[in-house]
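Hello,

Here is the structure I promised to pass on. Please have a look first; my notes on its aromatic rings follow below.

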Amino acid sequence: MNKLRTIKTSILIFTLIVSLKAYSQDSSFVTILTHQRGFIDTRILHHGVKSSSKNTLELFSQANAQKSIKLYEKSKYFLPAGPALVLGGIYLGYDAIKGTKMQAEVDGKLYTYYVRPIEKLLGGIAVFAAGICMIEYGNEYKAKSVDLYNDNLKKKQKADKLDLKVGFTPNGNVGLYANF
């Protein structure tokens with residue numbers, strides 16, 4: 001009975017020591033590029049420092065990330081046009097609300113009124129909304145290009161090594177965890 005108790009205790013101590021020393025999550029991958037959303041533009045950071053467009057495209061081409069390059073190039077078309085459309089939509093809406101001053105004579109008395117075309121106001125709102133959408137699409141393309149680039153690097157890094165650990169698995173159980 002004593003011998004069985006000693007074996008159980010030593011197995012429990014061994015399991016506790018192994019589980020305290022082993023980690024089941026791989027934290028060796030650090031993202032090289034990150035994106036940070038600003039007011040109008042999304043900044044791309046390379047190791048925490050703002051990266052220029054040229055440097056970002058060089059990183060994408062070195063990693064042979066063609067989808068990232070295409071999305072980044074697409075964002076260059078949307079981002080400059082977006083703020084111009086927003087401002088144009090604001091101006092059209094303002095001009096429609098301000099209206100055109102008109103005068104009419106009724107029974108010998110002069111009345112002043114304003115003509116406010118609803119079509120112009122709706123057009124201004126539509127142009128404003130299109131500009132906001134273009135800004136959002138451009139920022140989304142930029143962010144997605146960075147995410148694809150990081151995923152591509154992560155896949156390459158995981159393909160290079162086998163991660164075999166003993167300890168807590170991602171679903172909370174204790175055991176052997178293999179990550180290929």
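Start at tyrosine 141. Lysine 74 sits over the face of this ring, 5.2 Å from the ring centre. Keep in mind that this is a predicted model.

Is tyrosine 141 buried or exposed? Its relative accessible area is 19%. Buried means under 20%, so tyrosine 141 counts as buried.

Next, the ring pairs. The structure holds five aromatic pairs. One of them joins phenylalanine 78 and tyrosine 137. The centres are 6.1 Å apart, and the planes meet at 45°. That makes the pair tilted.

What does this pair tie together? Phenylalanine 78 belongs to helix α3, residues 66-98. Tyrosine 137 belongs to helix α4, residues 118-160. The pair therefore links parts that are 59 residues apart in sequence.

Both rings are partly exposed. Phenylalanine 78 has a relative accessible area of 22%. For tyrosine 137 the value is 47%.

Tyrosine 137 also pairs with tyrosine 141. This pair is stacked, with 6.2 Å from centre to centre and 25° between the planes. Here both partners lie in helix α4. They are four residues apart, about one turn of the helix. So tyrosine 141, which is buried, has tyrosine 137 as a ring partner and lysine 74 over its face.

One last item. Which residues do ring pairs link into a cluster? They are Phe60, Tyr72 and Tyr149.

Best wishes

Methods: Residues are numbered from 1 along each chain as its sequence is written. This is a predicted model: local features need pLDDT of at least 70, side-chain atom pairs count only at pLDDT 80 or more; totals for chains, interfaces and linings use all residues. Side-chain values use heavy atoms; hydrogens and water are left out. Rings of Phe, Tyr and Trp (its six-membered ring) pair if their centres lie within 6.5 Å; planes under 30 degrees apart count as stacked, over 60 as edge-to-face and the rest as tilted. Helices (H or I, at least four residues) and strands (E, at least two) are DSSP runs, numbered from the N terminus. Buried means under 20% relative accessible area, exposed over 50%, partly exposed in between (1.4 Å probe, protein chains only). A charge sits over a ring if NZ of Lys or CZ of Arg is within 6 Å of the ring centre and within 35 degrees of the ring normal.
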